[in-house]
Amino acid sequence: MAQVLKEIQRDKILEAAKQELLQYGYRDASMRRIAAQAKMTVGNLYRYFESKDQRIQAITSPALTQLDQLVRSLTDDRISLNQTNTSVGLSIGELRPKIDRLARDLTELSVRMPQEMRILMLHSDLSEQISSWLVSLLEVLAKEWALFPFNRDAEFHALCRMFSASLFQGVREVFSQAGELDPDQLCEVLRIYFGLFLNMFSPAAKGDQR
């Protein structure tokens with residue numbers, strides 16, 4: 001019985017933390033407001049979660065797991081959010097048919113876990129981790145597709161950072177407006193955005209000829 005009550009209280013804290021993060025953002029989130037919303041003292045709140053990051057992880061971990069499963073399924077386990085990708089072996093031509101499914105699956109995940117996905121995409125620390133993962137992934141793809149006509153590391157890494165930042169910022173912007181779109185509209189916006197982004201690389205990509 002005590003364990004059940006503890007889980008109920010933990011869920012109340014997480015729900016209060018979600019609302020706090022969605023309203024005030026990560027940097028301005030207040031432990032006092034979360035404790036008040038969960039009807040407990042701040043000291044008691046720390047007995048369940050020792051830090052803000054622990055609460056964030058508890059809130060977003062299910063969505064991050066689902067997102068990783070989505071990426072792995074889409075790429076036949078060639079790409080994962082949980083590992084550094086040293087090779088992918090997919091051409092642009094092979095990726096292009098997967099755009100519709102990616103948009104559809106992201107939309108379904110957003111519908112199932114709207115608050116968690118919004119926090120995951122907009123929370124600064126986690127978004128920076130995802131952005132860094134995108135940079136490393138794009139560096140692998142850029143080499144496999146021979147995108148850039150030079151081999152100097154400084155220019156290569158700068159371009160990869162620019163393109164990955166552009167891609168992720170666009171996705172973040174879509175999710176920041178997700179409440180104003182119905183699922184069909186969200187899916188279509190994502191599909192068009194991913195398609196346009198991939199098309200930017202098509203003329204230069206040698207791997208697209210496979």
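# A walk through the helices

At 35% relative accessibility, Glu 188 counts as partly exposed, because that value falls between the 20% limit for buried and the 50% limit for exposed. Please keep in mind as we go that this is a predicted model. The neighbour to look for is Arg 191, which is also partly exposed, with a relative accessible area of 31%. The side chains of Glu 188 and Arg 191 meet in a salt bridge, with 2.6 Å from N to O. Both residues belong to helix H10, where they sit three residues apart, or about one turn of the helix.

Salt bridges turn up elsewhere too: the structure holds six of them. Some share partners, and in this way Glu 15, Lys 18 and Glu 116 are joined into one network. Let us take this network one link at a time. Lys 18 forms a salt bridge with Glu 15, and the closest N and O atoms are 4.0 Å apart. Here again the two residues share a helix, this time H1 (residues 2–28), and are three residues apart, about one turn. Glu 15 is partly exposed, with a relative accessible area of 36%, whereas Lys 18 counts as buried at 13%.

The other link of Lys 18 is a salt bridge with Glu 116, whose closest N and O atoms are 2.7 Å apart. Lys 18 lies in helix H1 and Glu 116 in helix H7, so this pair ties together parts that are 98 residues apart in sequence. Both Lys 18 and Glu 116 are buried.

What about a buried charged residue that has no salt bridge? Asp 68 is one to look at. You can find Asp 68 in helix H4 (residues 52–74). The nearest side chain of opposite charge belongs to Arg 72, and it is 4.5 Å away. A salt bridge needs a distance within 4 Å, so this pair does not qualify. Asp 68 does have a polar contact, though: its side chain is joined to that of Ser 80 at 2.8 Å. Leaving out residues up to four places away in sequence, Asp 68 touches Ser 80, Leu 81 and Asn 82.

Now turn to the nonpolar side chains. In soluble globular proteins, such side chains tend to be buried together. The largest nonpolar core here has 63 residues, and the members that touch the most others are Leu 106, Met 117, Trp 145 and Phe 194. Helix H8 (residues 124–145) gives the most to this core, with ten residues.

Leu 106 leads us to helix H6, where it is one of the buried residues. Others on that list include Ile 99, Leu 102 and Asp 105. The cover over the buried residues of H6 includes H4, H5, H7, H9 and H10. You can also check the length of H6: at 1.5 Å a residue, its 14 residues should span 20 Å, and the end C-alpha atoms are 20 Å apart, which agrees.

Our last stop is Ser 164, in helix H9 (residues 153–176). Is Ser 164 buried or exposed? Its relative accessible area is 2%, which is under the 20% limit, so Ser 164 is buried. A polar atom of its side chain lies 3.1 Å from the backbone oxygen of Arg 161. Beyond its neighbours within four places in sequence, Ser 164 is in contact with Ser 131, Leu 134, Val 135 and Leu 138.

Conventions: Residues are numbered from 1 along each chain as its sequence is written. This is a predicted model: local features need pLDDT of at least 70, side-chain atom pairs count only at pLDDT 80 or more; totals for chains, interfaces and linings use all residues. Side-chain values use heavy atoms; hydrogens and water are left out. Helices (H or I, at least four residues) and strands (E, at least two) are DSSP runs, numbered from the N terminus. Buried means under 20% relative accessible area, exposed over 50%, partly exposed in between (1.4 Å probe, protein chains only). A polar contact is a pair of N or O atoms within 3.5 Å; within protein, one must be able to donate a hydrogen and the other to accept it, and residues adjacent in sequence count only if both atoms are side-chain atoms. Contact means heavy atoms within 4.5 Å. Lys and Arg count as positive and Asp and Glu as negative; His and the chain ends are not counted. A nonpolar core is a set of buried Ala, Val, Leu, Ile, Met, Phe, Trp, Tyr and Cys residues joined through side-chain atoms within 4.5 Å. The expected span of a helix is 1.5 Å times one less than its number of residues.
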